[in-house]
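Open the model in your viewer and keep the sequence panel visible. The stops below can be selected one after another.

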Amino acid sequence: MKILKFFGCLIVLSLSTIACKDGPKAAETPPETVSTDTVTATKKIKLIFDTDANNELDDQHALAYMLMSGATFDVRGITVNTTRNGAGIQSHYDEAERILQLCNLKDSIPLLKGADGNFETISKNFNPLQYDGQEGVDFILEASKKDSVVIVAVGKLTNIALALKKDPSFAKRSRIVWLGSNYPEPGEYNQNNDTIAMNYVLNSSIPFEMVTVRYGKPSGSDAVSVTKQEIGEKMPGLGPIATEPITGRHGGTFSTFGDYSVNLFEHIFDHVSMVGPKNSRALFDMVALAVLKDPSWGTATQIPAPILIDDKWVARPDNPRKITVWENFEKTPILDDFFQTLTDPVFVSIPKP
C-alpha cells in the first residue's frame, strides 16, 4: 500500500474506469483546481454539502466553517438527509436553515430535502419520477450536469447512492468526500445508518474519499476535538450578526453562530470524544472540509475498494476500483483555521440561477 502525502491545493484521485460488480458504470471525473487566498488562485472548489444537520453539533460547525470560507469554497447547495438521531427530515432541514440564517444566507443558498428512509427501501421498485429524497437527489444530479462538483457528504450515503441509481453517468461528473467509517474496523454512525448505500457507492466508479472517524483512535477525525471550556472562551460573538435572530433547537434566541455554538455544546456532553481531553467533543464533519482546504492537514492512502459484509470489512486486493482513505489529521492547524475563519469570515457567494 502506497502512502501519498497530498500538498498544496490540488487533489488528483486516480480511479479505474472499470466498475465493480453490480455497481453503476462510469468514467473518472476530471480533478478540481483548488482555490487559494493568493492572486494566483484559479478557481474555488465547487461543492454541495450533504448533511444530517440536526444529528448532534459537528454538522452545524462544519456548515458555518464552509459558509464563512468563501475564499476557498463555491457552495452550490446544501442537501439534508435523516439519520437515527435528530428526528425526521424536516428537523434536519430546519437546523441547516438556522445556520444559513445566522450567516445571513437564508434563501440565498439552495437548501433541499433528501432521503428520509434508507437506500434498500427506496430503491426497491424504484420509480425515478417519484421517490423519497427526490428533491435533494435531483438537485445533486442537475447541479453536477451544469458543472463538475465535489459532494461533501457528512451523514449516511443514501442521497449519493440514489443519485447513482437514477443516473449512473453522475459518477463521471463528480467526486465524493465522505466523513464516515472506522475503517479498517467495523462500526461508525454514518456508515451504520445505511450500509447498503455505502456498499453501493463503493461498488460504483465514482471517485470516493473516506475521511475516517475511528472512535477512540488518534488517527481518525475523533481526535480533532475541542473542550467545552475552549468553546466558551473562543466562540461567543463569533460570526456575523444575523439580521434575523434564530430560535435554537434547544430553545433560546441567538444572533451569532458563536453564541449558538456555546449553547449546542452545553447540551452535548452525554457524548464525548474518546481520545480528546475530558469534556471534549470531536468536530468530525469539519475535518472533511479542512482537508479540502489544505490536503497537508491529513494523510491520504489509496487502496482497492473494500466491501462491508456482516459488519466486517473485507479487503479486495485485486479490485481495480481504488478509493482514498484519509487519516492522521493535523488537529492544531485545523482548529486554528476554524477559529480564524469565524473571526475573520469571507462569505461564500450566492450561486447564480
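Buried here means under 20% relative accessible area. By that cut-off, helix H1 (residues 58-67) is mostly covered, with 10 of its 10 residues buried. The model is a predicted one, and residue numbers count from 1 along the chain.

**Whole chain**

Start with everything shown. The protein chain carries 11 helices and 15 strands. Of its 353 residues, 59% count as buried. Among contacts between residues at least 6 apart in sequence, 76% join residues at least 24 apart.

**Helix H1**

Select residues 58-67. The buried set of H1 takes in polar and nonpolar names alike: Asp58, Asp59, Gln60, His61, Ala62, Leu63, Ala64, Tyr65, Met66 and Leu67. Keep Met66 highlighted for the next stop, the largest nonpolar core, where Met66 and Leu47 are the residues with the most contacts inside the core.

**The largest core and a second one**

This largest nonpolar core has 67 residues. Which helix gives the most to this core? Helix H10 (residues 284-293) does, with 8 residues. A second core, separate from this one, has 40 residues and includes Leu157, Leu164, Trp178 and Met198. In soluble globular proteins, nonpolar side chains tend to be buried together.

Now select Leu47 and display its surroundings. Setting aside residues up to four places away in sequence, Leu47 touches Met66, Phe73, Asp74, Val75, Arg76, Gly77, Val150, Val152, Leu289 and Leu292.

**Helix H10**

Move to residues 284-293. Because 10 of the 10 residues of H10 are buried, the helix is largely enclosed by the rest of the structure. Its buried residues are Phe284, Asp285, Met286, Val287, Ala288, Leu289, Ala290, Val291, Leu292 and Lys293.

**Strand E5 and its partners**

Select residues 149-153, which form strand E5. Why is E5 described as largely enclosed by the rest of the structure? The reason is that 5 of its 5 residues are buried. In a regular strand the side chains alternate between the two faces of the sheet. Along E5, Val149, Ile151 and Ala153 point one way, while Val150 and Val152 point the other way, and all are buried.

Add strand E2 (residues 45-51), which pairs with E5 in the parallel sense over 4 bridges. Phe49 has Val152 in E5 as its bridge partner. Then add strand E6 (residues 174-179), which runs parallel to E5 and is joined to it by 5 bridges. Here Ile151 stands opposite Ile176 of E6.

**Helices H5 and H4**

Show helix H5 (residues 158-166), which with E5 and E6 makes a right-handed β-α-β unit. Next show helix H4 (residues 134-146): the axes of H4 and H5 come within 9 Å and cross at roughly 65°. The crossing of these two helices is right-handed. Where they meet, H4 supplies Gln134, Val137, Asp138, Ile140 and Leu141, and H5 supplies Asn159, Leu162, Ala163 and Lys166.

**Asp167**

The last selection is Asp167, in the loop between H5 and E6. Is Asp167 buried or exposed? Its relative accessible area is 15%, so Asp167 counts as buried, the cut-off being under 20%. Apart from neighbours within four places in sequence, Asp167 is in contact with Leu141, Lys145 and Arg173. Asp167 and Leu141 are 26 residues apart in sequence and 7.6 Å apart in space, C-alpha to C-alpha.

Terms used. This is a predicted model: local features need pLDDT of at least 70, side-chain atom pairs count only at pLDDT 80 or more; totals for chains, interfaces and linings use all residues. Side-chain values use heavy atoms; hydrogens and water are left out. Buried means under 20% relative accessible area, exposed over 50%, partly exposed in between (1.4 Å probe, protein chains only). Two strands pair if DSSP finds at least two bridges between them. A crossover is right-handed if, with the strands pointing away from the viewer, the path from the first strand over the helix to the second runs clockwise. A nonpolar core is a set of buried Ala, Val, Leu, Ile, Met, Phe, Trp, Tyr and Cys residues joined through side-chain atoms within 4.5 Å. Contact means heavy atoms within 4.5 Å. Axes are lines fitted to C-alpha atoms, for helices over the stretch in contact, and angles run from 0 to 180 degrees between N-to-C directions. A crossing is left-handed if the near helix is turned anticlockwise from the far one by less than a right angle, and right-handed if clockwise.
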